[in-house]
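Reader: Got a minute? I'd like to go through the ring contacts in this one.

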Amino acid sequence: MEARCSNISLESMKISPIKYFIFSILFSFSSCVSVAQNEVVSIEKEKNENKINIFIGGKLFTSFLYPDTLEKPVLYPIYASNGTMITRGFPLYPQPGEPTDHPHHVGLWFNYENVNGLDFWNNSYAIPAEKKHSYGWIKTDQILKTENGTKGILSYHANWTNQKNDALLEETTRFEFSGTPHHRIIDRITILKADSDILFTDAKDGMLGLRVARELQIPSTTDQKFTDDKGNVTIVKKIDDSIATGNYLTSEGKQGDSAWSTRAVWCKMYGKKGNDSISIAIIDHPHNPNYPTFWHARGYGLFAANPLGEKIFTNGKSEKNLHLKKGESVQFYYRIIIEDGKRTITAEQLNKTAREFAKTIPSAQ
């Protein structure tokens, strides 16, 4: 933080030295304003590992993981500026008492449930070998750029493949990281280029996903059942409301579980973890397909923006199938804001940020 004060001279005030001395003391308390300064972002690759660490202000913010053992690249774990981990630990580093449903929910990721019939979203170590042919992988083959500064940059190239390693899509993604003493920002720009004719069939599970820590879930009193497009059922156990403190709020005023399946420019999840409040907001961009997005925001901790899940979110009233011919591209651009402190980021602040974000021109280069 930097203290900024107006400069006033004795001559300009035309008062005695004693009066000026008294005035200057009072003025220093009333007119100095604390202005948040962007902290330095450092991006460091771990030797002999497919892992890149992102530090903000000298503290670990997140890591970009892209080993062959994962079915997709992810940012995991993610920390608020006060050191609080906002992502669920399971399945990579399980935490005591946290839920173990949906093993494909790892940190922050981007993929989709139905691309030419292949399910990229639900793929994980839990899928039996004899069923793997129905699922897709995202394989990172090149880190294109890393750059340190008040805005850190990490860009990569990946292929969306089938089990035979045939590429359906080429992905180019650029992350821009920034932060101040009480907030962190991730801008994600992703371009998907078709290596053959591609159909994103309207489906529930997509596209930008985040699985949050247990404390940020919405309290539930009963077990819940969720079914994917293949009929696989996942049971999410109820959670003690003395631990879960979360809630949702959208730009359209939807709250709690009512945020699910609705459209909005932004959605915020917020709750209490440790001594501070934590808020996580995702902002959609007007250049994205089907803006404003639908929110696949579940109380059990899945926080996702899915512009292509229109059919299930509207109970079949409309449908959004995205077609790409070979060589064509589609671009997605999102901002994720993580804030800690005594109060969470307000709707007014998010509306202002969303308006400013809408003016930016996305580029993955």
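Author: Sure, definition up front: a charge sits over a ring if NZ of Lys or CZ of Arg is within 6 Å of the ring centre and within 35 degrees of the ring normal. Lys72 does that with Trp109, lying over its face at 5.6 Å from the ring centre. This is a predicted model, where local features need pLDDT of at least 70, side-chain atom pairs count only at pLDDT 80 or more, and totals for chains, interfaces and linings use all residues. Residues are numbered from 1 along each chain as its sequence is written, and side-chain values use heavy atoms, with hydrogens and water left out.

Reader: And what sits over the ring of Tyr270?

Author: The charged end of Lys268, 4.5 Å from the ring's centre.

Reader: OK, switching topic: how many aromatic pairs?

Author: The count is 16. Rings of Phe, Tyr and Trp (its six-membered ring) pair if their centres lie within 6.5 Å; planes under 30 degrees apart count as stacked, over 60 as edge-to-face and the rest as tilted. Phe110 and Phe332 have ring centres 5.3 Å apart and planes at 55 degrees, so that pair is tilted.

Reader: Are those two, Phe110 and Phe332, buried or exposed?

Author: Phe110 and Phe332 are both buried, meaning under 20% relative accessible area, with exposed over 50% and partly exposed in between (1.4 Å probe, protein chains only).

Reader: Which residues form one aromatic cluster?

Author: Phe61, Phe64, Tyr66, Tyr156, Phe175 and Phe177.
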